[in-house]
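Colleague: Please take a close look at one part of this model, the salt bridges and the strands and helix around them. Which side chains are paired, and where do they sit?

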Amino acid sequence: DSDLMLTLREKNKIRKRNRAKMILRLQADLVKKTVEKDDTIFKEGDDGDSIYLVESGLVHVLANDKHVFTAKPGNVFGEYSLLMSRRRNCRAVCGAEEGCRLSQMPGDDFRRLMDRSPDIKTTLRDLCFRRDFKKAITLRLNKDFPYDNPREAFDAVKSADCSDDKLRLQAVGSLMRELNPNYTDEEILQFMQALDITKTGDVTFEEFKKVFIADIRKSASV
């Protein structure tokens, strides 16, 4: 059953992602930080030499002031700059009435951990690519990521001349270079691989839903 296969493969990615988050949380010398509701933790264009873990509260991540995802307790955010060696391309804001408690991991510590644990780096890069893909969709649609309407998100990426309802490398590359014209061909391929659960070289609508919409409450924090 193709849906079962997609589910099992995606669950394996989720398991690896949860393990990576757990290992990050166990690191020594995490810097504790408390922010108030509506405080900005970082913004587009900032140097980004740290990654954050949410201990309590909710952190909304926005691109061009459009909602991309919400990091809940147990989740990480701010990985993009460390993994892609670029400035921040989104804004992170505390969205909880009671404020947010965060653990901040400095870049040097993060890089040492990634050097020791290449599997964790691969898992977090996969998460980073998927989140950046959602940022690009919000930019193209000029609205919050439509978790309640996956077809709208999928069709925003699909090439106009595509007749078989699949996303291919060219369409993904075109989308991502609207977000950042400097993405390399290798990076575009890695974006595609992060979405391509079946490793067929294209992404069906069913794959797309499994990656982004399988559970709206969970997907909105990934």
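Modeller: R111 has a relative accessibility of 34%, so this side chain counts as partly exposed, the range for that class being 20% to 50%. This is a predicted model, and the values here are computed from it. The partner of R111 is D49, and the two form a salt bridge in which the closest N and O atoms are 3.0 Å apart. D49 is in the loop between β2 and β3, whereas R111 belongs to helix α3, residues 107–116. With their positions 62 residues apart, the pair links distant parts of the chain. D49 is partly exposed as well, at a relative accessible area of 42%.

The loop that holds D49 also holds D47. The side chain of D47 meets that of R87 in a salt bridge, at 2.8 Å from N to O. Again distant parts of the chain are linked: D47 lies between β2 (40–42) and β3 (50–56), and R87 lies in the loop between α2 (79–84) and β7 (91–94), 40 residues apart. D47 has a relative accessibility of 60%, which is over the 50% cut-off, and therefore counts as exposed.

Helix α3, which carries R111, lies across β3 and β8 and runs at about 65° to β8. Both of these strands are part of an open sheet of four strands, ordered β1-β8-β3-β6 and paired in the antiparallel sense. The edges are taken by β1 (31–35) and β6 (76–77); each has a single partner strand, so one side of each is left without a neighbour in the sheet. For β1, the pairing with β8 (residues 100–106) is antiparallel and extends over five bridges. Within this pairing, T34 stands opposite R101 of β8. As a general point, strands of a sheet pair through backbone hydrogen bonds, parallel or antiparallel.

Another salt bridge brings together the side chains of K143 and E152, with 3.1 Å from N to O. K143 is partly exposed at 33% relative accessibility, and E152 is partly exposed at 25%. There is also a network: E10, K13, D126 and R130 are joined into one by salt bridges that share partners. Over the whole structure, the search finds 26 salt bridges, among them the pairs D47–R87, D49–R111 and K143–E152. In general, side chains of opposite charge can pair when their charged atoms come close.

Terms used. Residues numbered from 1 in each chain as written. Predicted model: local features only at pLDDT ≥ 70, side-chain atom pairs only at ≥ 80, totals over all residues. Heavy atoms only, no water. Salt bridge = Lys/Arg side-chain N within 4 Å of Asp/Glu carboxyl O. Helix = DSSP H or I, 4+ residues; strand = E, 2+ residues; numbered from the N terminus. Buried < 20%, exposed > 50% of the residue type's maximum accessible area, 1.4 Å probe, protein only. Pairing = 2+ DSSP bridges. Contact = heavy atoms within 4.5 Å. Axes fitted to C-alpha atoms, helices over the stretch in contact; angles between N-to-C directions.
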